[in-house]
Amino acid sequence: MNWWKRLAPVLVLQVFLWGTVAAFALGPWEWPMRSPSTLFGFVCASNVAILLGYLLVAHRAPVATGHENDFRRIFMWSIVATIVALPLTTYAKTGHWVPDVVGAVANPGQAYDQAFAYTQNQTNPASYVRIILAPLLASFIPLGVYYWSRWSPRYRFLVGCVAIAIVVLSVSTGQRRDIADLFVVGTLVALGSHFAGVTRWSKRAIGVGVACAALAFTAFGAYFIVSHVSRIGEQAADYGANPTTHVLPDPDNVILSHVPAELQPGFLGLMHYFTTGYYGLSLALDHEVIPMYGLGNSMFLTRNFERVTKDEGFEGESLAVRISEDDGFRYPVQWCTAYPYFANDLGFTGTIGLMFVLGSLFALSWIDLLGGRSPAALIAFSLLAILLFYLPATNRMLQDGEGVVAFYGCIAYWLISRWRRRATA
């Protein structure tokens, strides 16, 4: 394990995080921030904390927390869970057993609005089944990709079918995040498998993989543009007004001026997706934190605590809700990055410390993954990757019950397994 292999994921992550900061600072919209220095100081400190936390443990030796047959057993159970959950997922998100893909492609904005309204206003057993099965559902794609060379052709075909089903279901609900998760996890896990020697990709396989990834990414970009225009309207997309501040873009902006006119509506949609959260964060940094004692990091935990205790004002203590009420930054439609959710429990200074811890866990899980015998670390790494790459947007990993159970359950299982292995070594 040379240093390039050890540092690969954090280098990709840092380029992405700093790139979103640069896009926000140099982008085509003016943001009415009260204290830009506070915002950029906090974001820079958080990014550096992730890097330092990673570098602190990146030199360590891997800890094998599994046996040869562990990954097979977990994968078999994840197959059963995935087959059971796929039709239930369709029903839980749309209210129908068979998704209306044709209608969703014709009008992605309407499909998104209908799915959002249904999930917000309905509670059904299918959602609870997915929460119970969450750790196994989160395991399927990472295990399928990482151990690709160990699977028979029929299991490889099954992995491909599930990936397609994820894309189809995402499109049928007008969503994009599940497709993005698939890209992030699939790419990093495939790279880790190659570095670990578990699945050695030939030059031809790498070439085909890169070509397919480029084609898929192009298709995703096209779908993103179409769905963005459908959500906000063609005229609004042409004007390029910021959906949050309603400010028109500067046509002479250094970034926008290099984008062809016909591509600018879609480009502005991407810019809004990756940068608006920083404006929401700037608003949150201007508010006093009301401690939420470990429940503020997840909308799922916050809302269910409020329902159980009948404390109708508890969710209102969240920074995301307060900037919605005080500053017109609409919760939960408009995103404020993931940081305010963690700050609900830890404060903003404590959140920087949490970024250091997350960076360390990201490194340890990657190193154990490279060791080749730790399916628990593989799954933990995949979930950490989703959480960290979504930091500029929202707390994607912990928004719903499924993510909460999968993330905390799988991270705890990996860390306990790691501690026991080291204690008996």
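**A buried asparagine, aromatic pairs and a nonpolar patch**

N47 is buried, with a relative accessible area of 0%. This value, like the others here, comes from a predicted model. The residue belongs to helix α2, which spans residues 36–57. Neighbours within four places in sequence aside, N47 is in contact with Q14, L17, W18, V21 and Y339.

Aromatic pairs were examined next. The structure holds 26 of them. One is formed by F24 and Y278. Their ring centres lie 5.6 Å apart, and the planes meet at 55 degrees. The pair is therefore classed as tilted, since edge-to-face requires an angle over 60 degrees and stacked one under 30. F24 lies in helix α1 (residues 3–26) and Y278 in helix α12 (residues 264–284), so the pair ties together parts that are 254 residues apart in sequence. F24 has a relative accessible area of 2% and is buried. Y278 is also buried, with a relative accessible area of 2%.

Helix α12 also contributes Y273 to a pair that links distant parts of the chain. The partner is W335, in the loop between α14 (319–327) and α15 (339–371). In sequence, Y273 and W335 are 62 residues apart. Their rings are 5.4 Å apart, centre to centre, with 65 degrees between the planes. This geometry is edge-to-face. Y273 counts as buried because its relative accessibility is 16%, under the 20% cut-off. W335, at 24% relative accessibility, counts as partly exposed.

Ring pairs also build a cluster. Its members are F24, W29, W31, F40, Y278, Y279 and F329. The tilted pair of F24 and Y278 thus has both of its residues in this cluster. A ring is also approached by a charged side chain: R154 lies over the face of Y155, at 5.2 Å from the ring centre.

The surface carries a nonpolar patch formed by W18, V48, L52, L55, L56, F356 and V357. Together these residues have about 560 Å² of accessible area. The elements giving two or more residues to the patch are α2 and α15. Helix α2 gives the most, with 4 residues. F356 lies in helix α15. With a relative accessible area of 32%, F356 is partly exposed. W18, a member of the patch, is also among the residues in contact with N47. Helix α2 holds the buried N47 and also supplies residues to the surface patch.

How values were computed. Residues are numbered from 1 along each chain as its sequence is written. This is a predicted model: local features need pLDDT of at least 70, side-chain atom pairs count only at pLDDT 80 or more; totals for chains, interfaces and linings use all residues. Side-chain values use heavy atoms; hydrogens and water are left out. Rings of Phe, Tyr and Trp (its six-membered ring) pair if their centres lie within 6.5 Å; planes under 30 degrees apart count as stacked, over 60 as edge-to-face and the rest as tilted. Buried means under 20% relative accessible area, exposed over 50%, partly exposed in between (1.4 Å probe, protein chains only). A charge sits over a ring if NZ of Lys or CZ of Arg is within 6 Å of the ring centre and within 35 degrees of the ring normal. Contact means heavy atoms within 4.5 Å. Patches are made of residues with over 30% relative accessible area and no salt bridge: like charges are joined within 9 Å, nonpolar side chains (Val, Leu, Ile, Met, Phe, Trp, Tyr) within 5 Å. Accessible areas come from the Shrake-Rupley method with a 1.4 Å probe; for residues, only the protein chains shown count as cover. A salt bridge is a side-chain nitrogen of Lys or Arg within 4 Å of a carboxyl oxygen of Asp or Glu.
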